[in-house]
Amino acid sequence: MKLLSLFFALLFLSVQICADDKSDVARYFQQGFEKSLEMDWPGAIENYDKVLGIDPKHVRAHILRGDARMRMNDNQGAMVDYDKALELFPGYSVGYARRAALKNKLKDNDGAMSDYNKALLLDPDNAEIYLAKGHLFQQMKEKEKAMRNFNKAIQLEPGEPAGYCYRAGLKTGQKDYSGALADFNKAVGMAPDAAYIYVSRAYVKIMLRDLEGAMEDYNKALELDPRFAQVYEGRAQLEELLGDDTGAMADYNKSIEIYPYDGSAYSRRGRLHYDLGNPREAVKDLKKSVELLPPDTARFLVNRGIITYEEGNLEKAIADFDKAMEMEPRDPSPYLYKSMILRKVGKIKEAKAALAAYKFEDEAFPEPPVWKRLRETLGKEDK
């Protein structure tokens with residue numbers, strides 16, 4: 001009888017422990033999910049670690065920890081999580097879609113396309129996967145295939161704004177700014193409380209030289225979501241265009257305060273410091289940016305070029321600017337900073353030639369005040 005009583009006592013205890021474990025898993029998972037929504041990636045990872053410590057077969061925790069790791073540029077760790085999720089649940093279309101996004105980030109276009117196709121075999125009416133696949137085609141410069149995928153997503157979900165936003169992005173890349181604006185306007189009509197749409201529309205308005213309308217869109221986005229870091233960064237760029245460097249610096253500061261993992265914000269704030277004659281502060285920010293930015297980008301090379309010059313190596317700095325021009329010939333920044341640095345070392349004619357190699361009249365984007373100031377200064381110094 002005592003043995004039977006002991007058996008039931010142990011059984012009750014094991015059931016209670018199991019229930020407690022399930023309760024802990026649910027709590028940690030919810031906390032991790034909330035941290036993900038807040039873009040607190042280290043906090044999210046900490047909670048998903050706890051979930052997986054109790055239940056290593058929790059597929060969604062692997063997926064979401066993979067997402068957080070990818071955001072933290074721990075690409076290897078993210079791949080391990082996505083692979084594990086698909087090992088546990090081979091029929092999970094979301095797993096293939098998320099792994100495809102990581103492969104896309106790692107420039108494995110074939111692998112990404114294969115995973116998107118697997119996801120669509122499992123879930124052929126998933127508009128989000130068509131959007132992601134279309135975005136990959138867009139990156140691969142296959143614009144017609146990208147447009148077909150975006151149109152398919154809109155056909156599947158005509159009342160959802162995302163398809164119109166992706167298609168507007170493609171039209172923006174094709175310099176069809178009026179067409180892009182029409183799509184963004186449709187998206188705003190469907191989701192008037194979605195801050196991200198106003199942010200994207202603001203850029204198109206800038207390209208159409210509607211700077212007042214762009215500022216209204218940035219302000220509306222911040223009214224809807226005051227913690228949206230990228231909006232502060234976008235508004236800061238517009239403030240620079242309008243000559244409000246003080247407002248721009250304040251907005252870059254706010255963007256970084258909210259989300260300190262964005263190499264782009266450090267890049268732009270560092271360059272503004274440099275434009276304003278604060279090389280020490282600029283180098284601090286630019287060093288942080290090159291830690292966070294992909295190394296195979298023109299932005300990375302320009303930032304490294306500025307750092308390299310300030311550390312005393314003009315030749316390597318110029319080489320970085322020239323390589324950035326090869327990679328992105330329509331990005332004005334390598335021309336600007338090459339010119340700026342050549343002026344610093346007294347090579348005025350070379351500085352003028354570097355600046356003149358880029359013509360803003362060929363682009364919709366307005367000429368920034370820093371560009372105009374440098375051009376006027378070089379004109380005076382070359383007399």
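In this predicted model, the second largest pocket encloses about 210 Å³ of space. Its lining is formed by Y274, D275, G277, M340, R343, K344, V370, R373, L374 and T377, and by class these residues divide into four nonpolar, two polar and four charged. At least two lining residues are supplied by each of helix 15 (263–275), helix 19 (333–344) and helix 21 (369–381), with helix 21 providing the largest share of the lining, namely four residues.

Elsewhere in the model, N149 is located in helix 8, which covers residues 143–156. Because its relative accessibility is 9%, under the 20% limit, N149 is classed as buried. The side chain of N149 comes to 2.9 Å from the backbone oxygen of K145, and, when residues up to four places away in sequence are set aside, N149 is in contact with Y130, K133, G134 and F137.

Helix 12, which runs over residues 211–224, contains 14 residues and should span 20 Å at 1.5 Å a residue; the computed separation of its end C-alpha atoms is 20 Å, so the two values agree. The expected value rests on multiplying 1.5 Å by one less than the number of residues. Within helix 12, the buried residues are G213, A214, M215, D217, Y218, A221 and L222, and these buried residues pack against helix 11 (195–207) and helix 13 (229–241).

Conventions. Residues are numbered from 1 along each chain as its sequence is written. This is a predicted model: local features need pLDDT of at least 70, side-chain atom pairs count only at pLDDT 80 or more; totals for chains, interfaces and linings use all residues. Side-chain values use heavy atoms; hydrogens and water are left out. On a 1 Å grid over the protein atoms alone, a cavity is a set of points where a 1.4 Å probe fits but cannot get out, and a pocket is an open set with protein on both sides within 12 Å along at least five of seven lines; lining residues have an atom within 4 Å of a point. Grid points are joined across faces, edges and corners, and a volume is the space filled by probe spheres set on the points. Ala, Val, Leu, Ile, Met, Phe, Trp, Tyr, Cys and Pro count as nonpolar, Asp, Glu, Lys and Arg as charged, and the others, Gly among them, as polar. Buried means under 20% relative accessible area, exposed over 50%, partly exposed in between (1.4 Å probe, protein chains only). A polar contact is a pair of N or O atoms within 3.5 Å; within protein, one must be able to donate a hydrogen and the other to accept it, and residues adjacent in sequence count only if both atoms are side-chain atoms. Contact means heavy atoms within 4.5 Å.
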